[in-house]
Every structure is written in structure tokens, then in C-alpha cells.
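Here are my notes on the structure, set out point by point. Please keep the sequence and the 3D view open as you read.

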Amino acid sequence: MSLTELSGTPTPEPATTTGKPARPARRTSPFGALLRLHFYAGILVAPFLVVAALTGLAYTTTPQLDSILYGDQLTVAQMGDRQLPLAEQIGAARNAHPDGSITTVQPGDGDRTTKVVFSVPELGENQHTVYINPYTGESQGQLTTWFGSTPATTWLDDLHRHLHLGTVGEHYSELAASWLWVMALGGVILWWRRRGAARAAARHLLVPDLSTGKGVRRTRGWHATTGIWLTVGLLFLSVTGLTWSRYAGANFAAGLDALSARTPEIPTGLTAGPPAPAETGGGHEHGAAGAGGVVESAAFDRVLTVARGAGLSGPVEITPAPEPGSAWTVTQVDNTWPVKKDRIAVDPASDTVTARSDFADWPLLAKLSGLGIQAHMGILFGLVNQILLAALALGLLCVIFWGYRMWWQRRPTRVGRRAIAGTPPARGGVRGLPLWALLIGVPVTVAIGWALPLLGLTVLAFLVIDVVLGAVSRRRRAAAAPTSPAPAGS
């Protein structure tokens, strides 16, 4: 939200030797520490947020981008009266892609093509997806995909998450997510504190106060009020972004494990003995060759029939058994609200359901985590979700611009005191804190720094920078102070 200080207490002028009494130092506000931290974070972390906002804004366009770039693969031009058996569609996919093993099949739904995903060792995490017209059995092409994402979506996702820099780039997005919630909540507290004494405080939390003329006051009004409107959305982006970050995400996962709140695993073991031998005759092309060997394509039709009978409606993904003696899995993959994410395990030899995991039975944290990630990606609520994310990104960019503009507008302009940028808020904020605030705040800060390591390290870095700047400032004032004249007659 707020990305530079909203107001600052000027540093008291040192006492002069001209005989005039020095101006009394103003009492340091207990909010001074937060104000100074907000200032440093706004100046130094804002560039990371700009990159995250711009790349996130680009990612919101991926559904439309996929339709433009890959419409010929993803959709059929004309729907028929009925779909062909999956065995025939998989055979067409195998003819178009002779190499590799089939890892998943997502049957076509409506005007969507059937996706037959092949694992190819040299692609690593990537896969080849062949798109089959479910009504005619024709191949409409293939793409190199990453967990179902098209090349364009994968490229923009990598850009947003780590700037195509691998592990090193992951630090940028985690740093941005770690600070976003701190700056948003800090800005709300500072703005409420500043406006708290005025009768119009509540109104100006939602409407900019433009009655104060031009300059920094007007800029501050736009900066703070826009930030208030964005606060809930920015907090959501921060929390959901941290759940799959490198360091904070690992701590989050450990917390889920400790609370037994992970997404439940579905058991795939079979106790009735090894599966029936593969049947490759009868006109059926062998469809999957993973760790479990070759399985018949007709098994996909039987498993799909079992899944539909078990209530798994809408788009589903069928995964063959990874090894002998294991069940196949069928998963609902409709991530739009209301989501359909139920799963079953099926024994293809007996066409029976051996295990089930319904989304309604997941732990609450697992549900919230899954829904939050889909909303963060702009999927959960479709076009409305995309528009909200785009508005958040644009609003954040505006708040950052106004924050830097305030910094520029607050620069000293008087002759002899000119500067290229504004001065930071006054020191002494920590000294102004009551004892109870220190006793509570220090352990809480340490705990947050442990849970969010990049946040903790950068807070420590800001403290070091502040101490160094303070020492340099004191030396300069000491060097500039006139020395007392020597006594007469010495």
C-alpha cells in the first residue's frame, strides 16, 4: 500500500552559538519507529513491488492470450453430436506422438479438445501435450506444457515468480510478498494516526482530502486513500504469494504438516493382487507406458465411466497407475467457483472405486490455501478475478508513484539546504516507545523474522543502514559546529 512516509517530524536544529536560544526539540512520537521503517521500505523495496506488479499485470491476460495464440489447439471449431471413445482419441494422439509415455488424459468437454499428456525424459519437468478433437479424432497439434500450462502462460508465470533467473530470481518475489503486508498495514496505521484527531477522519480514509491545496499534501491524500482501498487485496496477494515462496513457503508447509492440514493424499494401493495383464489386441493401441508398463487404451474409457458414475462431473484428469498393483486416479480439475476438486482411485481390473477424497472433507487450511492460490492466479472467479487483479496491480503502481513523488516534493529547496530528495523522518522513534510495546514488539518481530526470513534479514539491514547514517550525521554536525574562542590574554 503506502510506499514512503506519510508524514515526518523534522529533525530538531542543533543549538547555535549566536546567543539565541535553540528551538526546543519536539517530543518524539511512539509511531516514529514505524514511520522511519515505512520510509526505508518505501524507498528500497518499492522497486521490487513495481516489478511484481508489472509482471503480475501481464499474467492476468493469460486466458485471453492462450485463446489468441493457441485457440486452434485448445478448442474445436464445431462440436459434433457425440464424442468418440477415449481409446480412439488416445490412439490418434499416439500416432501423432509415437515417443514417450502417457502420464495423464483430460477428456474434452464442450468445445475443449482432449489433452493427452506425454512424459519425455529429455524435457525434464516439461511435457508434450497432444490436442485431439473429441468428435473427429483428429490431432489439432501439440505444445510443450508445464503442468498443463501453455508455453505463453508458463513464460509469464516464470517471469512473475523469478524473472527467469531460477533460484536467485525467487528471492525478488519473496521479498516483495514479505514486505507488501507490512507496508500496507503500516500505511493504514500511520494514516489513521495522522487523521485521527479530525472529524472527517473516517471520510478521508475513503475519499482523498484535496482541500489542502497543491504539493505534498494533495499527493499524500491520493497516496494514502488509494492505499486504503487496496489494503485488503494487497494483504491477500501478500499472504497467498508467500505460501509458495522458497523460504516462507517452506515454513508455511511445515506449519500445515504440524497441524495435519495438508491436502489429503489419496491411497492408490491395491490389496486384491496384481492388475490384469495388458490387452494390446482387439484394435486398441497401447496407451500408457509408465513405471507400470503398458496398459490398454480401453481402460481409460472404463475408468472414466466409473468416475462419472461416482459423481465426478465436469472436466476431469485421468492418471494411469504409476506402478503395478496400484490404482488409477481421476481428479476433477474445475478451478472456477464453485470449484470441483473431488478425487477417486479406481481399480481398472474390477472397475471399482478403491478410495475417495472429496474437497468438502479437506482440512480448512488446505481448502483456503487451494482457493487462495487459484484466486491469486486469476482463475477462481474468471474474468471478474482477472479484472480485480489488474486493478490491484495498477493501483499499487499508482501508490508507488505517489510515494516517490512525495519524497521528491519534500526535498529542501532553500538556498544552502538544497537536496535532490526528501529527508527521512526524525530519529528516536524506538526511544519514544513505551516499555510494554518493547516487551511485546521485540519478540513478535523476531518471530515474524524467523517465519519470513527475507523480511527479517532486510529489517536487520535497514537497522544497520540507519545506525550508520546516524553516526555519519552526528560526525558531520560535530565537525560543522564552531569551536569556542580562546580566553583573552592567553
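1. Strands β2 and β3. Start with this pair, in what is a predicted model. β2 and β3 run antiparallel, and five bridges join them. For a register mark, take F118, which stands opposite H128 in β3.

2. Strands β1 and β2. β2 also pairs with β1. β1 covers residues 101-106 and β2 covers residues 114-119. The two run antiparallel, joined by five bridges. Here V105 is the residue to find: V105 stands opposite V116 in β2.

3. Strands β3 and β4. β3 (residues 127-132) pairs in turn with β4 (residues 139-145). The sense is antiparallel, over five bridges. Q127 faces T145 of β4 across the pair. Together β3 and β4 make a hairpin, with six residues between the strands. Look at G137 in that turn: its phi is positive, about 80°.

4. Helices α1 and α2. Two packed helices are described by the angle between their axes and the distance between the axes. For α1 and α2 (residues 46-59), the angle is about 50° and the axes are 4 Å apart. The two helices are therefore oblique to each other. On the α1 side, the contact uses A41, G42, I43 and L44. On the α2 side, A46, P47 and F48 take part. By class, that gives six nonpolar residues, one polar and no charged.

5. The cavity. How many cavities of 30 Å³ or more does the structure hold? The count is one. The largest cavity encloses about 30 Å³ of space. Its lining consists of L34, L37, H38, A41, W179, V182 and M183. Two elements give two or more residues to this lining: α1 (32-44) and α6 (167-195). The largest share comes from α1, with four residues. The lining divides into six nonpolar residues, one polar and no charged. Note A41 in particular: A41 lines the cavity, and A41 also belongs to the contact of α1 with α2.

6. Helices α3 and α5. α3 (residues 62-74) packs with α5 (residues 151-162) at an angle of about 145°. Their axes lie 9 Å apart. T62, L65, D66, L69 and Y70 are the α3 residues in the contact. They meet P151, A152, T153 and L156 of α5. The classes here are six nonpolar, two polar and one charged.

7. H160. Which element holds H160? H160 sits in helix α5. Follow the chain back 107 residues from H160 and you come to A53; the C-alpha atoms of the two are separated by 8.7 Å. Set aside the neighbours of H160 within four places in sequence. The contacts of H160 are then A52, T55, G56, Y172, S173 and H376. I suggest displaying these side by side in the viewer.

8. Backbone points. Most residues other than glycine have a negative phi, and most peptide bonds are trans. Two places deserve a look with that in mind. L163 has a positive phi, near 55°, and is not a glycine. L163 lies in the loop between α5 and α6. The other place is the peptide bond that joins W337 and P338, which is cis, with omega about -5°. Where does P338 lie? P338 is in the loop between β8 (328-332) and β9 (343-347).

9. Helices α13 and α14. The last pair is α13 (residues 435-451) with α14 (residues 453-480). Their axes come within 5 Å and cross at roughly 125°. That angle is why α13 counts as oblique to α14. I448, G449, W450 and A451 represent α13 in the contact. P453, L455 and G456 represent α14. The contact has five nonpolar residues, two polar and no charged.

Note on methods: Residues numbered from 1 in each chain as written. Predicted model: local features only at pLDDT ≥ 70, side-chain atom pairs only at ≥ 80, totals over all residues. Heavy atoms only, no water. Axes fitted to C-alpha atoms, helices over the stretch in contact; angles between N-to-C directions. Contact = heavy atoms within 4.5 Å. Nonpolar A, V, L, I, M, F, W, Y, C, P; charged D, E, K, R; others polar. 1 Å grid on protein atoms, 1.4 Å probe; cavity = no way out; pocket = protein on both sides within 12 Å on 5 of 7 lines; lining within 4 Å. Points joined across faces, edges and corners; volume = space filled by probe spheres on them. Parallel < 35°, antiparallel > 145°, perpendicular 65-115°, else oblique. Pairing = 2+ DSSP bridges.
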